[in-house]
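Reader: I have a model open and want to go through the ligand site and one loop residue. Can you take my questions in turn?

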Amino acid sequence: MADPRFDPVLDRARRFADDWLASLPDRPVGRPVDDADDGAALRARLGALPEDGTPADRVLDDLAAALEPGLVATPGPRYFGFVTGGALPVALGADWMAAAADQNVAARVMSPAATAVEEVTGAWVLDLLGLPGECAVGFTTGAQMANVVGLAAARHALLAAVGWDVGTEGLAGAPVPTVVIGAHAHSTILQALRLLGFGSGRAVRVPADDHGRMRADVLRDLLAAIDGPVLVCGQAGQVDTGACDPLDAVADVVATREHAWLHVDGAFGLWAAASPAHRHLVAGAERADSWTVDAHKWLNVPYDCGMAIVRDRAALTAAMSTSAAYLPLAGADPSSRVPESSRRARALPVHAALRHLGRAGVAELVERCCTLARQAAEELAGDPDLEVLNDVVLNQVLVRPRDGDARELAAAIARDGTCWVGTTVWQDRPALRFSVSNWSTTPADISRSVAAIRAAARDQAGTRAE
Ligand SMILES: *Cc1c(COP(=O)(O)O)cnc(C)c1O
C-alpha cells in the first residue's frame, strides 16, 4: 500500500538507520576533531549547491556516505561525554511517526491529536516527577529554552506583581527583580539571563559547597540584604558531580519573601524524582515556581526535547502568547507555553517512552544508570594513577589523573576509541567527567571503558616516568 513517491526514499533512510544503529556497539566512539581544519574536509564532502537535481533515493545514499567520517556514536553505550542520552527504540520509532505525520503543534485546530499528546504527556511528567498537577508544561528544544521560558514567566509575574507589564513596557525603567543564582549555575541559565535582559553579570552568586551545591545558609544572609522582588535559580544535578542544591532549605528561604520566584534547573537531575531510591536528593523541588527538565538526556528520546514547567499558568501564557487576526490561538493552545509558533510533535517520543517504560521502568532506568556510575567510580578508584573526586550520588563521575594532565588523558582515551569522556575544570584544575545516561549501557561496557581509561592513564604515567 506504500506510496511509490515515498517508498524508495524511506527504504534508504531505513537502511541508513539499520547500518548506523547496528554499528553503535562496536564503532570507535569519538571522532578526532582537527581545529586547524575546522570542519572544512566534511564541508567539502557535501560540495556546492547543484544546478540540477538528484533522485531522492540517491540523495540519501550520497548523504550517508558523505557524513560517515563525521558521525559520533553519541547514542551508543560507551559515550560518556557531557550528559548525553541515547534514543530508546520506542522513542526513535515515535519520532519517525512524528516526522511522517508532519503535524504542527502551534494550535489545537492544526492537530488535535498532537495537542492532546502534549497535554497528556505533560500531565504524566508532572505525576512522575512529583510536581503540582496544576502546572503548565511547554515542550521546548531542550533545557536551554526551558530555562528561558521559566525565567520569562518569572520576569512577567514578578514585575506584574509590582504593577509593571514587562511585555508591553520592556525592561527599561522597570523595577527589575534581583536574580540570585548558585555559583555552579549552568551556562544556559546565564544565557537565559542575557536573552531576557537581566544580564548574566548582574546576578548575585551564592557560594557552593565542595560538591557544587548552593549553600542555603548563605542564601538566607544574602536575601536578607536585598530589597524588592527576587528570582532565585536553584539546580538539581550539577553537571560535573550530579549534586543537587538543598532544594527544601532553599525553598524555605524563598518562602520568607513576599515577591519571590524559585526556578529549578533540573535538566537531568530532576529525573531523580522518578526513582524512589534517589527522590530524597531533590526533596523540596515541588515547592518551586518553575522547573526545567530535559527529555533528550536521561529519558533517552532522540534530540531534541526539553520541558518548561510553570506553576502559574497565567504568567506563562502572558509571557509566551502571540496574537494576530489570522491566528485562532487561545491561551490553551500549545504555542502559548513556548516561544515558538510552529513546532513539530516533539511530545510524541516522550509519550511513547513513558508508555513503554511505565513509572517502574523510568525508575529502573534512572537507578540502573546510577548503579553503573557507581561501578565506574569503584573501578576507577582502584587505579593508583586515578582519583575519583565526587560522591557519586547520581549518574556523574568526576575523575582526575593523580599527576598527569586530564585533557591529554581525555585525548588519549578518545584516540583509543573504546569510549569517550569529556573534561571540565573542577576546583581550578582540569578533570575528566563521566556521565552514564544511556539506556543501552551495560556493566560490561563500564568495565571495558574503565579498562581503556586505566590503560591510557598508565601510558601517561609511564611516559612521564621515562
Ligand atoms: C544539559 C543542561 C542544560 C542544557 O540542556 P540542553 O538540553 O542542552 O539545552 C541546562 N542545565 C543543566 C543543569 C544541564 O545539565
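Author: What follows covers the ligand, then a loop residue.
This is a predicted model, where local features need pLDDT of at least 70, side-chain atom pairs count only at pLDDT 80 or more, and totals for chains, interfaces and linings use all residues. Residues are numbered from 1 along each chain as its sequence is written, and side-chain values use heavy atoms, with hydrogens and water left out.

Reader: How many residues surround the ligand?

Author: There are 14, and the closest are Gln144, Asp265, Asp294, His296 and Lys297. Near means that a heavy atom of the residue lies within 4 Å of the molecule.

Reader: Which polar side-chain atom lies 2.6 Å from a nitrogen atom of the ligand?

Author: One of Asp265. A polar contact is a pair of N or O atoms within 3.5 Å. An oxygen atom of the ligand is also 2.7 Å from a side-chain N or O atom of His296.

Reader: How much of the ligand does the protein bury?

Author: The protein buries 85% of the 390 Å² that the ligand exposes when taken alone. Areas come from the Shrake-Rupley method with a 1.4 Å probe.

Reader: Other topic. Where is Asn438 found?

Author: In the loop between strand 11 (429-435) and helix 14 (443-465), both being DSSP runs, with at least four residues for a helix (H or I) and at least two for a strand (E).

Reader: Buried or exposed?

Author: Asn438 counts as buried because its relative accessibility is 2%; buried means under 20%, exposed over 50%.

Reader: What does its side chain reach at 3.0 Å?

Author: The backbone oxygen of Gly76. A polar side-chain atom of Asn438 also lies 2.6 Å from the backbone nitrogen of Ser440.

Definitions and conventions
Polar contact = N/O pair within 3.5 Å; in protein donor to acceptor, adjacent residues only side chain to side chain. Buried < 20%, exposed > 50% of the residue type's maximum accessible area, 1.4 Å probe, protein only.
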